[in-house]
Amino acid sequence: MGPITFDNSYARLPEQFYARQTPVPVAAPGPIRVNRQLAEQLGIDVNWLDSEAGTQVIAGNTVPSGSEPLASVYAGHQFGGYNPQLGDGRAILLGEVLSVEGRRFDLQLKGSGRTPYSRGGDGRSPIGPVLREYVVSEAMHRLGVPTTRALAAVTTGDKVQRDSLLPGAVLARVASSHIRIGSFQYFAARRDIDSLKLLSDHVIERHYPDARNSDNPILAMLEGIISQQAQLIAHWQLLGFIHGVMNTDNILVCGETIDYGPCAFMDQFNPDQVFSSIDHAGRYAYRQQPAIAHWNLSVLAQALLPILDNEQERAVELAQTAINAFPDQFLQANTEGMSRKLGLQAISGQDTGLVEDLWQLMAEHSLDFTLTFRRLADLADEGAEAEGSVAELFEFPEIMQPWLERWHTRLAQESTSRSDRQASMYCTNPVFIPRNHLVEAAILAATERGDLATFDQLVDTLENPYEYRKALALFATPPKPDEVVTQTFCGT
Ligand code: AMP
Ligand code: MG
């Protein structure tokens with residue numbers, strides 16, 4: 001038995017689901033970072049992972065025993081246009097690992113060389129996108145957002161040609177699975193009903209086991225995916241996270257966030273904010289994310305029509321009803337999250353104005369998203385704010401006073417104690433998010449100077465997003481005007 005114990009259920013699916021493909025070796029692998037906590041959770045020996053042998057595996061130079069490497073095939077709508085054939089063009093699924101708790105996870109290498117689905121691409125990744133994905137996905141995990149994770153990253157010793165020659169890297173990514181809306185689209189578009197059924201069985205088995213007991217397991221699976229997506233997007237909205245490429249090939253049916261290409265957290269609140277350098281129409285702007293998720297789910301429902309019911313009219317009806325539930329589910333998750341952020345036990349009809357006015361004022365006065373809510377936590381129990389206070393970093397402008405008074409008046413109606421309320425607000429309103437200018441600085445340091453210390457410090461700090469210490473003020477500080485990053489680029 002090798003250092004990783006594999007159990008590869010996806011590789012047991014028939015050959016139309018993937019192409020068998022080994023990673024393409026690289027010149028001179030070197031370690032960037034290993035995720036000790038995640039390795040332990042997966043029952044992978046951390047010391048091995050951190051060793052020369054582990055580095056060679058992550059770089060793709062050795063295929064560990066038990067791995068059955070493959071590139072999966074899928075389709076997808078990219079910026080609204082259908083692409084019938086995509087697939088892992090720069091990623092290889094090494095296999096699946098059972099965690100010490102018995103949960104199944106994909107272990108994938110990203111940036112591991114060309115595959116049959118690379119089209120014109122080189123199958124590689126520069127170090128920048130690898131570091132971005134590492135830092136942001138791990139931060140998301142610590143913020144409680146379902147997400148793929150980073151197990152390890154290595155350099156390759158090879159250069160990658162983009163606008164300039166950049167150092168290459170590989171990321172080992174962990175996900176509950178990498179099955180996407182686009183995976184269903186691929187078979188639906190080919191009218192391959194047998195494969196569509198097999199894929200659904202596989203997804204039900206792995207992610208929605210309760211659906212097996214339903215009269216219509218496919219419908220139950222669809223409803224499960226819709227509900228997971230509603231929760232996920234609410235999470236994003238409540239943190240000011242902008243995904244940037246919500247194409248249907250980038251939406252996992254397990255409900256985890258994937259693809260940290262042009263993503264970013266907002267600094268100043270602006271509902272029209274877009275980061276992706278190629279998103280000229282603002283399709284994936286912050287305020288659009290719930291509607292786009294709804295649209296993506298309708299694409300999934302459409303793909304499932306042939307297997308939702310034998311009678312197509314009935315299938316359409318079932319799909320439509322399931323899809324129609326999304327807006328309310330999103331709203332409910334969003335409202336519950338917002339009540340926690342504001343220190344309220346529940347938001348009722350009478351609070352709608354209070355909440356809407358806050359968003360309005362934040363946008364009008366370009367308030368920092370993260371610090372606005374963190375400062376509210378300070379103010380939830382004034383006087384007790386001393387140690388964790390962010391007052392030195394952020395103070396509400398005078399114009400916010402009337403709103404703050406309304407909020408305090410509303411808080412006075414709550415039955416919870418002030419200190420309990422504050423404690424809970426401190427646990428729900430983070431002080432540290434992966435600020436885009438800090439992520440960019442870490443990438444620049446690594447790319448231009450081979451300095452990984454900046455990256456390591458950022459990852460370390462983001463492991464405790466709710467615990468403020470003044471020594472770490474730099475990581476909680478919004479960018480100065482000349483530090484603001486206005487665009488991020490796809491990791492291609
Ligand atoms: P993304 O925009 O990152 O979701 O990628 C869209 C598609 O392009 C996926 O099928 C990727 O596998 C593929 N792709 C992106 N970058 C590369 C690359 N450098 N080499 C090969 N394929 C790529
Ligand atoms: Mg993608």
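**Entry 1: Lys-341**

I started with Lys-341, which I found in helix 10, spanning residues 326-342. A note to self before going on: this is a predicted model.

Which side chain of opposite charge is nearest to Lys-341? I looked it up and got Asp-368, 10 Å away. Lys-341 is buried and has no salt bridge. I then checked what the side chain does meet. One of its polar atoms lies 2.8 Å from the backbone oxygen of Leu-238. I also listed its contacts, skipping residues up to four places away in sequence: Leu-238, Phe-373, Met-425, Thr-428 and Asn-429. Leu-238 turns up both in that contact list and as the owner of the backbone oxygen.

**Entry 2: Arg-180**

Next I went to another positive side chain, Arg-180. I found it in the loop between strand 9 (165-175) and helix 5. Is Arg-180 buried or exposed? Its relative accessible area is 4%, so I wrote it down as buried, the cut-off being under 20%.

A polar atom of the Arg-180 side chain sits 2.7 Å from the backbone oxygen of Asp-249. I noted its contacts too, leaving aside neighbours within four places in sequence; among them are Tyr-74, Asp-88, Gln-108 and Arg-173. The list also has Thr-248, Asp-249, Asn-250, Ile-251, Leu-252 and Val-253, along with Ile-258. Asn-250 made me look at the metal next.

**Entry 3: the magnesium ion**

Which residues coordinate the magnesium ion, ligand 2? I found Asn-250, through OD1, and Asp-259, through OD, at 2.2 to 2.6 Å. I looked up how covered the two residues are. Asn-250 has 7% relative accessibility and counts as buried. Asp-259 is buried as well, at 16%.

Asp-259 had something else for me. It lies in the loop between strand 10 (241-242) and strand 11, and its phi is positive, about 75°, although it is not a glycine.

**Entry 4: Arg-191**

I came across a positive phi at Arg-191 too, about 55°, and this residue is not a glycine either. I placed Arg-191 in the loop between helix 5 (181-189) and helix 6 (193-207). At 67% relative accessibility, Arg-191 is exposed, whereas Asp-259 is buried.

**Entry 5: salt bridges**

How many salt bridges does the whole structure have? My search turned up 27. I picked out a few to look at one by one.

Arg-33 pairs with Asp-456, with 2.9 Å between the closest N and O atoms. This pair links distant parts of the chain, 423 residues apart: Arg-33 is in strand 2 (residues 30-34) and Asp-456 is in helix 16 (residues 453-461). I checked burial on each side. Arg-33 is buried, at 15%, while Asp-456 is partly exposed, at 23%.

Then I took Arg-287 and Asp-272, whose closest N and O atoms are 2.8 Å apart. Both residues sit in the loop between strand 11 (264-265) and helix 8 (289-308), 15 residues apart. Neither partner came up as buried: Arg-287 is partly exposed at 49%, and Asp-272 is partly exposed at 46%.

My third pick was Glu-395 with Arg-375, the closest N and O atoms being 2.9 Å apart. Why does this pair tie together separate parts of the sequence? Glu-395 is in the loop between helix 12 (369-379) and helix 13 (401-411), and Arg-375 is in helix 12, so the bridge spans 20 residues of sequence. Glu-395 is partly exposed, with 45% relative accessible area, but Arg-375 is buried at 4%.

I also followed salt bridges that share partners. They join Asp-7, Arg-12, Glu-96, Arg-104, Asp-106 and Arg-206 into one network.

**Entry 6: domains**

Last, I looked up the domain assignment. It gives domain 1 as 10-178, domain 2 as 182-334 and domain 3 as 344-426. How far apart are the C-alpha centres of domain 1 and domain 3? I noted 41 Å.

Notes
Residues numbered from 1 in each chain as written. Chains lettered and ligands numbered in written order. Predicted model: local features only at pLDDT ≥ 70, side-chain atom pairs only at ≥ 80, totals over all residues. Heavy atoms only, no water. Domains from an automatic or database assignment. Donors = N, O, S within 2.8 Å, 3.2 Å for Na, K, Ca; no water. Buried < 20%, exposed > 50% of the residue type's maximum accessible area, 1.4 Å probe, protein only. Helix = DSSP H or I, 4+ residues; strand = E, 2+ residues; numbered from the N terminus. Lys, Arg positive; Asp, Glu negative; His and termini not counted. Salt bridge = Lys/Arg side-chain N within 4 Å of Asp/Glu carboxyl O. Polar contact = N/O pair within 3.5 Å; in protein donor to acceptor, adjacent residues only side chain to side chain. Contact = heavy atoms within 4.5 Å.
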